[in-house]
Structures are given as C-alpha cells and as structure tokens.
Amino acid sequence: MKVYAGLDGGSTYLKAALLDEHGRVLRTGVTNTGIDNNGAAQKLLAKLMSEVGVSRVDYTMATGYSRKILEVADDDVSEITAHAYGVRVTAPRDYRPGMIVDIGGQDSKIIYLDANYSVKNFSMNDKCAAGTGKFMEVIAQILETTIDQVGPLSLESTAPCDINSTCVVFAQSEVISLIARKFDRRDILSGMHLSMAKRIIKMMKKSEKNGDVLMKGGGALNIGLRKAFEDELMRDIFVANHPQFNGAIGAALLASERG
C-alpha cells in the first residue's frame, strides 16, 4: 500500500493526514507546534504511521504558515491550493462547493471554486483576531465556559445581544459590560456568533455570493456559528468531513499526485 502525507503547519497547531493511493483518509492527527516545528512534525508523522502500520511514507507535502521550514516534507504548497484540493475528499457526498469558508485559530478565509475545484479567487482576514477561533476562545474564557460549549449554549438563546465592536479587544470590553448589566451568557454567545458571521460575510465578494457554501476549520465544529451563518445568508451551510484537517488532507492528495 502506498501512503502519502500532508502537513498543515499553523501558528499554534500542526495537523497531519495520511492518505492511501485511492485518496482515502487513513489517519489524521494534531499536535502543538511548539518551538521545534520539524521535531513536532516528525513525531506526529511517526505516531500516525505506527497507527496505520507502515514504516515509510511515499511522499510528503507541507502547507500552512510554517510549510517552508518543515524539512521532513518533500515539497510545499500554498494553503489556498491545499484547501481547494482538500474538499475533493472532505466535501459531503454528491455536494460540489462553490465557496469555502475557513475559520481558523488565527485567520479566516473565503475561497471561491469553479466546477473543477480550481481556485477562482479568495479573501482573507489575517490582520485581526475578530472572526477567528481566537476570538471565540477569549469570549468563552470571559464567560467561564469551554470552546466546546459555546455553540450548544448559544442555541438556547432567546434574545441575542448586539455586539458591535469589530476589534477583539473592544469586543472583550463590550462583553464584560454586558455581563455587568446581567445579560444571560447564552444571549451574549449568540450575539458573538452573529457578530462573527456578519464580519466574515462582509468579506464575501458580491459576484460570488450565489455559490453553495462549505464550512471548514475549527469554527465549522461550532453549531452556533454555523446557525448564525445560515440565518444571515438564508441558506444551508454544509460542514466538511474532517473540517480541521482539510488543509492537511489537501496537501496529502497533492502529494499522491506528485508522488
């Protein structure tokens, strides 16, 4: 069996995926990036290979912020290209996305695809933490809950709060003010999701808004955020399989072609 690896080196986490020659996902894994990117990548790959029961990988492709310094990889590719390739594997069956919404820990991206999954255009917010997973983590900490619970709790809201600040620092102050005024944290969380959805939707190009939408990244696991997108766009939002590993899977798929 031939095995191909994809590495997605983010600013906080390093993700990896192993695919076979038929494009099937064999294993995925994640670890903290730490200060030794190469060491973390080697350990993670060794762990996944051990779980699959193989002693070597035929080709390894890297993507993400640290792709250029991952010496264990045979080559690297931009994360936009890797994410576009990844949906060939992770998109729900019989679904062909025209727009990918990626909400990561440090940035958010919108990638527009044509009928052949080629990248037509993209928009990115990487200058501000608002609209990212980090924003959700900060608000969850203030509200004394976990990132896993912010979605389910927000669905219990009956009157979402208005959170108008587009900066994570000011939004943090706004949330503290809402707490002091005795607003229910479920309504605050629902308001946070609506604020995030509105901010990211503003990034969408008007000419591309008609495409079907696929969510991926860690934010795709948040059911409250997905509902906020559906409410604002007034359409169904689909979630990728292995949403956090789409970039690594896309890199592995490219590795299989290169290998």
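This passage describes two sheets and the helices that pack on them. The model is predicted.

One open sheet holds 5 strands in the order S3-S2-S1-S4-S5, and its pairing is mixed. Its edges are formed by strand S3 (25–32) and strand S5 (75–76), each of which pairs on one side only. Strand S1 (residues 3–9) runs parallel to strand S4 (residues 59–64), and 6 bridges link the two. Within this pair, glycine 9 faces glycine 64 of S4. Helix H1 (residues 37–52) packs on the sheet. The contacts of H1 are with S1, strand S2 (13–20), S3 and S4. The direction of H1 makes about 35° with that of S2.

Another open sheet of 5 strands follows the order S8-S7-S6-S9-S10, again with mixed pairing. Strand S8 (119–125) and strand S10 (237–239) occupy the edges. Each has a single partner strand, so one side of each is left without a neighbour in the sheet. From one strand to the next, the twist averages 20°. Strand S7 (residues 108–113) and S8 run antiparallel and are joined by 6 bridges. In this pairing, leucine 113 stands opposite valine 119 of S8.

Helices also pack on the sheet that contains S7. Helix H2 (residues 79–90) touches strand S6 (99–103), S7, S8 and strand S9 (213–216). The H2 direction is at about 60° to that of S7. Helix H6 (residues 185–201) lies across S6, S7 and S8. Relative to S6, H6 runs at about 130°.

Technical notes. Residues are numbered from 1 along each chain as its sequence is written. This is a predicted model: local features need pLDDT of at least 70, side-chain atom pairs count only at pLDDT 80 or more; totals for chains, interfaces and linings use all residues. Side-chain values use heavy atoms; hydrogens and water are left out. Two strands pair if DSSP finds at least two bridges between them. Helices (H or I, at least four residues) and strands (E, at least two) are DSSP runs, numbered from the N terminus. Contact means heavy atoms within 4.5 Å. Axes are lines fitted to C-alpha atoms, for helices over the stretch in contact, and angles run from 0 to 180 degrees between N-to-C directions.
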